[in-house]
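Trainee: I'd like to go through this one with you and check the reasoning behind each label.
Mentor: Sure, pull it up and ask away.

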Amino acid sequence: NVLIHVEPLLSPELAPSLSASGTNFQIQFPGQAGINYGLEYATNLAAPTTWLTLKTLTSTGGVVQFTDPAATNAARFYRVKAQ
């Protein structure tokens with residue numbers, strides 16, 4: 001027998017901490033330690049949507065911060081994937 005502890009994966013809550021300055025767009029949210037997060041973006045949501053990876057990181061807990069240094073006035077959609 002082996003005892004295994006499984007922690008639930010919480011969905012990132014992005015809404016309260018979005019900011020933009022010049023061409024920098026920043027997303028912050030509370031992260032879980034040891035969880036891999038990936039920030040992806042698309043230029044439109046028409047099917048089939050093509051999501052491109054902007055950055056990935058492994059959280060140590062606390063605030064997770066992603067910055068898109070190439071944000072422009074063109075439409076850009078973001079999502080965060082947690083694994």
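Trainee: Where does Tyr37 lie?
Mentor: Tyr37 is in strand S3. Keep in mind that this is a predicted model.

Trainee: Why is Tyr37 called buried?
Mentor: Buried means under 20% relative accessible area. Tyr37 comes out at 2%, so it counts as buried.

Trainee: What makes the link between Tyr37 and Gln32 a polar contact?
Mentor: The cut-off for such a pair of N or O atoms is 3.5 Å. The Tyr37 side chain reaches the backbone nitrogen of Gln32 at 3.0 Å, so the pair is within that limit.

Trainee: How far apart are Tyr37 and Gln83, in sequence and in space?
Mentor: They are 46 residues apart in sequence, with 6.5 Å from C-alpha to C-alpha. On the ring side, Tyr37 forms one aromatic cluster with Phe29 and Phe66.

Trainee: Which residues does Ser59 touch, leaving aside neighbours within four places in sequence?
Mentor: Tyr37 is one of them, and the others are Gly31, Gln32, Ala33, Gly34, Ile35 and Val64. Ser59 itself is in the loop between strand S4 (52-58) and strand S5 (62-68).

Trainee: Is Ser59 buried or exposed, and how do you know?
Mentor: Its relative accessible area is 5%. The buried label needs a value under 20%, so Ser59 is buried. A polar atom of its side chain also lies 2.9 Å from the backbone nitrogen of Gly61, and that is within the 3.5 Å allowed for a polar contact.

Trainee: How many aromatic pairs are there, and what makes Phe25 and Tyr78 a stacked one?
Mentor: The count is three aromatic pairs. For Phe25 and Tyr78, the ring centres are 4.7 Å apart, within the 6.5 Å limit for a pair. Their planes are at 20 degrees, and under 30 degrees counts as stacked, so that is the label the pair gets. Phe25 is in strand S2 (residues 24-31) and Tyr78 in strand S6 (residues 77-82), so the pair ties together parts 53 residues apart in sequence.

Trainee: Why is Phe25 called buried, and what is Tyr78 called?
Mentor: The line is drawn at 20%. Phe25 has 19% relative accessibility, so it counts as buried. Tyr78 has 21%, so it is partly exposed.

Trainee: How do you know that the charge of Arg76 sits over the ring of Tyr41?
Mentor: The distance part of the rule asks for a charged atom within 6 Å of the ring centre. The charged end of Arg76 is 3.7 Å from the centre of the Tyr41 ring, and it is listed as sitting over that ring.

Trainee: What makes S4 and S6 edge strands?
Mentor: The open sheet has three strands in the order S4-S3-S6, paired antiparallel. S4 and S6 each have a single partner strand, so one side of each is left without a neighbour in the sheet. From one strand to the next, the twist averages 20 degrees.

Trainee: How do you know that S3 pairs with S6, and with S4?
Mentor: At least two bridges are needed for a pair. S3 (residues 36-42) has six bridges to S6, and six bridges join S3 to S4, so both pairings qualify. Towards S6, Ala42 has Phe77 as its bridge partner, and Leu39 has Val80. Towards S4, Tyr41 stands opposite Leu52.

Trainee: What makes S3 mostly covered?
Mentor: Six of its seven residues are buried.

Notes:
Residues numbered from 1 in each chain as written. Predicted model: local features only at pLDDT ≥ 70, side-chain atom pairs only at ≥ 80, totals over all residues. Heavy atoms only, no water. Helix = DSSP H or I, 4+ residues; strand = E, 2+ residues; numbered from the N terminus. Buried < 20%, exposed > 50% of the residue type's maximum accessible area, 1.4 Å probe, protein only. Polar contact = N/O pair within 3.5 Å; in protein donor to acceptor, adjacent residues only side chain to side chain. Contact = heavy atoms within 4.5 Å. Phe/Tyr/Trp six-rings, centres within 6.5 Å; stacked < 30°, edge-to-face > 60°. Lys NZ or Arg CZ within 6 Å of the ring centre and 35° of its normal. Axes fitted to C-alpha atoms, helices over the stretch in contact; angles between N-to-C directions.
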